[in-house]
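Reader: Before we look at the labels given to helices and side-chain pairs, please set out the definitions as you go, so that each value can be held against its cut-off.

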Amino acid sequence: MFKKLTIIDLFLRIRMLFINIPEHVNSGNHLKMNGSNIAFIAKVEGFDEYKLISNSLDSILNKYSKSQFIILSNSDFSKDLDDRYTLISPKDFDIFGFEKPALRSFLKGNNYDLMISFVMSIKPLNKLIISRINSGYKLGLQGIEDINLYDLTINNTATDIESQLEQYEYYISNLNINK
């Protein structure tokens with residue numbers, strides 16, 4: 001079965017052929033989660049899926065007060081989110097796959113100590129956003145095709161975000177990781 005591509009998806013795929021996404025290089029400072037400015041990245045298909053996991057997302061944001069969730073979705077439901085969530089969808093790109101000014105400003109204007117990605121598949125939009133997020137250290141799931149986006153990848157078979165985060169917390173606390 002073939003999935004229908006939008007014109008933006010097509011141009012993003014073409015654009016990704018010409019963009020050289022460099023390997024992420026960490027800054028060399030010791031990494032800890034408490035007190036760090038953290039960007040959590042999640043991919044949801046739409047508002048219904050977001051509502052299913054919203055309690056988990058809220059508890060994570062309450063645990064890490066200086067954190068923000070960046071939600072990647074094909075649907076635009078940004079009006080239903082509070083300020084601790086940022087929704088990035090195809091509406092944030094022009095027809096040729098370039099970021100609109102608001103998204104460009106968001107990506108350049110926010111710096112994080114740590115970025116934790118719960119994204120399981122790297123599509124052109126996801127890859128572009130993850131590569132553009134300014135973060136001292138990036139963690140993601142192992143097994144994806146673009147491992148150079150992250151400083152550390154974890155082979156995590158958990159399907160829910162809270163269990164995945166527990167694994168990330170375990171490795172960050174037990175490894176002497178520098179960001």
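Author: This is a predicted model, in which local features need pLDDT of at least 70 and side-chain atom pairs count only at pLDDT 80 or more, while totals for chains, interfaces and linings use all residues. Residues are numbered from 1 along each chain as its sequence is written, and side-chain values use heavy atoms, leaving out hydrogens and water.

Reader: What makes the end-to-end distance of α2 agree with its 17 residues?

Author: Helices are DSSP runs of H or I with at least four residues, numbered from the N terminus, and the expected span is 1.5 Å times one less than the number of residues. For α2 (residues 47-63) that gives 24 Å, and the end C-alpha atoms are 23 Å apart, which agrees.

Reader: Why is K43 called buried and E45 partly exposed?

Author: Buried means under 20% relative accessible area, exposed over 50%, and partly exposed in between (1.4 Å probe, protein chains only). K43 has 18% and is therefore buried, whereas E45, with 45%, is partly exposed.

Reader: How do you know that K63 and E169 form a salt bridge?

Author: The term requires a side-chain nitrogen of Lys or Arg within 4 Å of a carboxyl oxygen of Asp or Glu, and in this pair the N to O distance is 2.9 Å. K63 lies in helix α2 and E169 in helix α5, so the pair ties together parts that are 106 residues apart in sequence. E169 is buried, with a relative accessible area of 17%.

Terms used: Helix = DSSP H or I, 4+ residues; strand = E, 2+ residues; numbered from the N terminus.
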